[in-house]
Amino acid sequence: DLLTGDPWECKAVSLVGNPVSDIMLGFGEGGEMLVSFFMSLPVQDNTVSVEFDLAGTWTLDGSMVTFEASDFSMAGAWMNDEPMSDEDSSALEAGLAEEFSDYTGQDTIAFISEHALVLEEAETSVSCWR
């Protein structure tokens, strides 16, 4: 019951050097889930930022949350804080859509309370609040 309700605002920190991500997690009571990502990453001498959403379902088995994505949509893409060209944005969207279509992820709940949630993955720590 602590997972559902208001969405969780999270910060994902990679343990292997990947960029920090801002994530919003919404766990619906009926098993539906929405995940919104925003991340910026250096590419050569530039910074590429992207925001996208995944929708799907979630299940809970003990402390293991499994998420299965069925829908991907990109909200925006930027290069050095300027909107990407339509061509570059479309190419990025196609690559992300391919990577995240039929995506399945698992997180272990390390801690949960009414206003805090900590998720563990093999290479990432996710701290959430609401």
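Are Phe37 and Phe52 buried or exposed? Both are buried in this predicted model. The close-ups below start with that pair.

**View 1. Phe37 and Phe52 form a stacked aromatic pair.** The ring centres lie 4.9 Å apart. The planes meet at 20°, and under 30 degrees counts as stacked. Phe37 belongs to strand β3 (residues 32-43). Phe52 belongs to strand β4 (residues 46-61). The two residues are 15 apart in sequence, so their pairing ties together separate parts of the chain. Both side chains come from buried residues.

**View 2. Phe100 and Tyr103 pair edge-to-face.** Their ring centres are 5.3 Å apart. The angle between the planes is 65°; the edge-to-face class takes planes over 60 degrees apart. Burial separates the two partners. Phe100 has a relative accessibility of 12%, so this residue counts as buried, because the limit is under 20%. Tyr103, at 32%, is partly exposed.

**View 3. Five residues make up one aromatic cluster.** The members are Phe37, Phe52, Phe72, Phe100 and Tyr103. The stacked pair Phe37 and Phe52 is part of this group. The edge-to-face pair Phe100 and Tyr103 is part of the cluster too. In the structure, the count of aromatic pairs comes to seven.

**View 4. Asp22 and Lys11 meet in a salt bridge.** The N to O distance is 2.6 Å. The structure holds one salt bridge. This pair links distant parts of the chain, eleven residues apart. Asp22 sits in strand β2 (residues 21-27), and Lys11 sits in strand β1 (residues 8-14). Asp22 has a relative accessible area of 33%, so it is classed as partly exposed. Lys11 is also partly exposed, at 34%.

**View 5. Arg130 lies over the face of Trp8.** The distance to the ring centre is 3.9 Å.

**View 6. Thr66 is joined to Gln106 by a side-chain polar contact.** The contact spans 3.1 Å. Thr66 is in strand β5 (residues 64-79). With a relative accessible area of 14%, Thr66 is buried. Which residues does Thr66 contact, leaving aside its neighbours within four places in sequence? They are Thr57, Trp58, Thr59, Thr104, Gly105 and Gln106. Gln106 therefore appears in that contact list as well as in the polar contact, given that contact means heavy atoms within 4.5 Å.

Key:
Residues numbered from 1 in each chain as written. Predicted model: local features only at pLDDT ≥ 70, side-chain atom pairs only at ≥ 80, totals over all residues. Heavy atoms only, no water. Salt bridge = Lys/Arg side-chain N within 4 Å of Asp/Glu carboxyl O. Helix = DSSP H or I, 4+ residues; strand = E, 2+ residues; numbered from the N terminus. Buried < 20%, exposed > 50% of the residue type's maximum accessible area, 1.4 Å probe, protein only. Phe/Tyr/Trp six-rings, centres within 6.5 Å; stacked < 30°, edge-to-face > 60°. Lys NZ or Arg CZ within 6 Å of the ring centre and 35° of its normal. Polar contact = N/O pair within 3.5 Å; in protein donor to acceptor, adjacent residues only side chain to side chain.
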